[in-house]
Amino acid sequence: MKFRICAALTLSLILSACATSGGRRQIIHVHTNSPGAKVYQDGELLGQAPLLAEIPRKSSLQLTAENGKSKTEAELDGQYRWGRSFAGNLGFLSWAPIGWATDLLTGAAWEYADDVTLDFPASQQGRYQPPVLIAVAPPLAAHPNIADEVGRLISADLSGKQTWATVLSYNQSLPVFNDHDMDNDGQGDKADRYEAAYRLKASKIYLGTVDISSDPQKVLVKGKLQDVLNPADSKSMDFAFDKSLTPSIYDVGWADRNSEVVNLLPNSIFIIPASGRTSLTINEQNVQAEEVSSEGFVEKTTQYLAAISLKNFLPPSKRQEWRYHFRLTPSLSFSYAREQFNEIPSLKDVQFKRFHTDVGWGPSFNYGNNRYNLYLNIFPTLAYDTISTEWQGRGYREDSLGVTVGLEIGAMIFIKERWSVQIFSRSASVPEGMWSNIISDVTNTPTTVDSASFVAAGIALGYTFPNKDLPF
């Protein structure tokens, strides 16, 4: 009995995992030349046109519209979802056939056109007027905090002016828009907007773009009040708000500057009270360097502040839900330490001074909320490394400048609005020829280093500068 239950649960999980995202039902827009006509699907009343209707996904489906004694029908032909069903399940490899079969059986493999017209032979202009409910989508902005502040202002402004309509609270509609890929960084496609409008029962959606740069005193919003049911009735609508009403622009508004160069410059500093460590592979054996106490004021200072990192970091939003976000960000770091390789007998008493600095720009993958952030950064960098030592009265030095790839993975905890604690591990490859040359010179024995890398790990304290304090 237990085996059967486990088998059933396992099969259920497999089918759920392989099934296509997007569900077994679809939201479509139904329009007719006779406003108020009743629309049916298999005898079930969906509502009065124009309307957004939720219908099951099938290979074909029939809709019927009736207006008095007049009747019209439309056959909807489902199109196979090559992207979401076929390609989406292909990622499950050997389980893909189960996903394809599941989608075909449940109907999730099919997709209708977003807009359906049910016209009668003769147009009948009725007096039907659906209730007007307006929802404000998060406007396009540099940061969720800016979008939310401006979105609330728009919602309040519309509530005061559009007395003929009901305006949904911005906070009430925000989660629904977020669930359908509508946020400060994108306004979704037509299907996303239909889904959001249907869930909110909204007949109109305001879509805007925030501009904080053009006017020194005002936050400008340009957009459109989109009529979901009657697109021809959509109209442009702009707003202007005093900047004192949107305090977030002074903290995170740097991302909205006109200059493209600003997006490449850092806005945060991280101090890591622990040095990195060199790792070498010699004759297929991994050798880790050990840190040695530094000498002199400069070296002792860098002993405790061994890695300073400058980054372009997006401050957290004030929302509590977890979200993925992707950015292209710059990074700059340097590190200095004294090291020795106690695992290599001929180098046991040799101390090396190692300096590493790199600057790069690359993708950053993040998953976080208003308190925590998990991230993975991949940085193609331009790196400069130098190694030096003194042994038996002689000095040795190797320098290298080249392109490498840095990898950093970690977690951040935001302890205050702009302060954060970071737990991380960062690595970057180092030219192995440098170490081959200097070890061969010091030991007077030809040595080949197969690979070399610089690894830094620990806890860092970070500070993100607000916009008003940045020099650019």
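Helices here are DSSP runs of at least four residues, numbered from the N terminus. The structure is a predicted model.

## Salt bridges

A side-chain nitrogen of Lys or Arg within 4 Å of a carboxyl oxygen of Asp or Glu makes a salt bridge; by this rule the count comes to 14. Three of them are set out below.

| Pair | N to O distance |
|---|---|
| Lys161 and Asp157 | 3.3 Å |
| Arg199 and Glu195 | 3.4 Å |
| Asp399 and Arg397 | 3.0 Å |

Take Lys161 and Asp157 first. Both sit in helix α4, which spans residues 144-161. They are four residues apart, so about one helical turn separates them. Their side chains meet in a salt bridge. Lys161 is exposed, with a relative accessible area of 57%. Asp157 is partly exposed, at 21%.

Now Arg199 and Glu195. This pair belongs to helix α6, residues 190-200. Here too the partners are four residues apart, and about one helical turn lies between them. Arg199 is partly exposed, with a relative accessible area of 41%. Glu195 is buried, at 15%. The pair also takes part in a wider arrangement: Arg25, Glu54, Glu195 and Arg199 are linked in a network of salt bridges.

The pair of Asp399 and Arg397 completes the table. Its closest N and O atoms are 3.0 Å apart. Asp399 is partly exposed, with a relative accessible area of 37%. Arg397 counts as exposed, at 52%.

## A negative patch on the surface

Which residues gather in a patch of negative charge on the surface? They are Glu66, Glu73, Glu75 and Asp77. Strand β6, residues 70-77, gives the most to this patch, with three residues. Glu73 is found in strand β6. Its relative accessible area is 46%. Exposed means over 50% and buried under 20%, so Glu73 falls in between and is partly exposed.

## A polar contact from helix α5

Asn178 lies in helix α5, which covers residues 170-179. Is Asn178 buried or exposed? Asn178 counts as buried, because its relative accessibility is 17% and the cut-off for buried is under 20%. The side chain of Asn178 makes a polar contact with the side chain of Asp183, at 3.3 Å.

## Backbone features in the loops

Three loops carry backbone features worth checking in the viewer.

One is a cis peptide bond. It runs from Ala49 to Pro50, with omega near 0°. Pro50 lies in the loop between β3 (44-48) and β4 (51-56).

Another is at Lys201. This residue has a positive phi of about 60°, although it is not a glycine. Lys201 is found in the loop between α6 and β14 (204-211). Lys201 is exposed, with a relative accessible area of 68%.

Asn444 also has a positive phi, near 60°, in a residue other than glycine. Asn444 is found in the loop between α9 (432-443) and β27 (449-464). At 70% relative accessibility, Asn444 counts as exposed.

## Buried residues and distant partners

Some residues far apart in sequence can be traced through their C-alpha atoms.

Leu51 lies in strand β4. Leu51 is buried, with a relative accessible area of 7%. What separates the C-alpha atoms of Leu51 and Val228? The answer is 8.6 Å, with the two positions 177 residues apart along the chain.

Pro466 is found in the segment after β27. Pro466 is buried, with a relative accessible area of 0%. Pro466 and Ser248 are 218 residues apart along the chain. Their C-alpha atoms are separated by 9.3 Å.

Note on methods:
Residues are numbered from 1 along each chain as its sequence is written. This is a predicted model: local features need pLDDT of at least 70, side-chain atom pairs count only at pLDDT 80 or more; totals for chains, interfaces and linings use all residues. Side-chain values use heavy atoms; hydrogens and water are left out. Patches are made of residues with over 30% relative accessible area and no salt bridge: like charges are joined within 9 Å, nonpolar side chains (Val, Leu, Ile, Met, Phe, Trp, Tyr) within 5 Å. Accessible areas come from the Shrake-Rupley method with a 1.4 Å probe; for residues, only the protein chains shown count as cover. Lys and Arg count as positive and Asp and Glu as negative; His and the chain ends are not counted. The place of a charge is taken as NZ of Lys, CZ of Arg, CG of Asp or CD of Glu. Helices (H or I, at least four residues) and strands (E, at least two) are DSSP runs, numbered from the N terminus. Buried means under 20% relative accessible area, exposed over 50%, partly exposed in between (1.4 Å probe, protein chains only). A polar contact is a pair of N or O atoms within 3.5 Å; within protein, one must be able to donate a hydrogen and the other to accept it, and residues adjacent in sequence count only if both atoms are side-chain atoms.
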